[in-house]
Amino acid sequence: MANAAHSAELREAFNNHLAETRNHVTRIEQAFQLINETADTQECQAMKGIIKEGEDIIDGTEDETAQRDVGLIFARSEGRAL
């Protein structure tokens, strides 16, 4: 979604959120290592839906438009506000 965003601020917000999420994953993995456990992952259907909605918005809007940016914000905000 970051690559599809027209606004530099929106791209930055998506990229910052991705970096934060990766940091959270690393910290969780470290916590599991401390207790000698293996972290188990599961596919999240809700996140898959948000990604699918974002892809639909990208496919249904013109490149580099505010309309696309607004749609991406709405799609993403269903999971968590930026």
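These legends go with a set of close-up views of a predicted model.

**View 1. How confident the predictor is along the chain.**
Averaged over the chain, pLDDT comes to 88, and 94% of the residues reach 70 or more. Among the elements, H1 has the highest mean pLDDT, at 94, while H3 has the lowest, at 86. A general caution goes with any view like this: where pLDDT is low, the predicted coordinates shouldn't be read in detail.

**View 2. The largest nonpolar core, made of eight residues.**
Here you're looking at Ala-2, Ala-4, Ala-5, Leu-10, Phe-14, Ile-57, Leu-72 and Ala-75. Two elements, helix H1 (8-34) and helix H3 (66-77), each give two or more residues to this core.

**View 3. Leu-72 and its contacts from elsewhere in the sequence.**
Leu-72 is one of the core residues. Setting aside the neighbours within four places in sequence, Leu-72 touches Met-1, Ala-4, Ala-5, Phe-14, Gly-54, Ile-57 and Ile-58. Some of those partners turn up in the core list as well, including Ala-4, Ala-5, Phe-14 and Ile-57.

**View 4. The largest pocket, with about 740 Å³ of space.**
Of the 24 lining residues, His-17, Leu-18, Thr-21, Met-47 and Arg-76 are the closest to the pocket's centre. H1 and helix H2 (45-60) are the elements that give two or more residues to the lining, and H1 gives the most, with eleven. Sorted by class, the lining has twelve nonpolar, seven polar and five charged residues. As for how such spaces are found, rolling a probe the size of a water molecule over the atoms shows where empty space is left.

**View 5. Asn-36, in the loop between H1 and H2.**
Have a look at the backbone here: Asn-36 isn't a glycine, yet its phi is positive, at about 55 degrees. For background, most residues other than glycine have a negative phi. Asn-36 has a relative accessible area of 69%, so it counts as exposed, the cut-off being over 50%.

**View 6. Glu-64, in the loop between H2 and H3.**
Glu-64 is another non-glycine residue with a positive phi, again of about 55 degrees. With a relative accessible area of 63%, Glu-64 is exposed. Glu-64 also appears among the contacts of His-6, which leads on to the next view.

**View 7. His-6, in the segment before H1.**
Leave out the neighbours within four places in sequence, and His-6 is in contact with Arg-11, Glu-64, Thr-65 and Asp-69. The C-alpha atoms of His-6 and Ala-66 are separated by 6.9 Å, although the two residues are 60 apart along the chain. The relative accessibility of His-6 is 38%, so it counts as partly exposed, falling between the 20% and 50% cut-offs.

**View 8. Ser-77, in helix H3.**
Ser-77 is partly exposed, with a relative accessible area of 36%. For a distance across the model, try Ser-77 and Ile-50: they sit 27 residues apart along the chain, and their C-alpha atoms are 8.9 Å apart.

**View 9. Gly-49, in helix H2, with Leu-10 and Glu-29 as reference points.**
Gly-49 has a relative accessibility of 35%, which makes this residue partly exposed. Going from Gly-49 to Leu-10 covers 39 residues in sequence and 20 Å in space, C-alpha to C-alpha. Glu-29 lies in helix H1 and is partly exposed too, with a relative accessible area of 42%. Between Glu-29 and Gly-49 there are 25 Å from C-alpha to C-alpha, for a separation of 20 residues along the chain.

Key: Residues numbered from 1 in each chain as written. Predicted model: local features only at pLDDT ≥ 70, side-chain atom pairs only at ≥ 80, totals over all residues. Heavy atoms only, no water. Core = buried A, V, L, I, M, F, W, Y, C linked by side-chain atoms within 4.5 Å. Buried < 20%, exposed > 50% of the residue type's maximum accessible area, 1.4 Å probe, protein only. Helix = DSSP H or I, 4+ residues; strand = E, 2+ residues; numbered from the N terminus. Contact = heavy atoms within 4.5 Å. 1 Å grid on protein atoms, 1.4 Å probe; cavity = no way out; pocket = protein on both sides within 12 Å on 5 of 7 lines; lining within 4 Å. Points joined across faces, edges and corners; volume = space filled by probe spheres on them. Nonpolar A, V, L, I, M, F, W, Y, C, P; charged D, E, K, R; others polar. pLDDT = per-residue confidence, 0-100.
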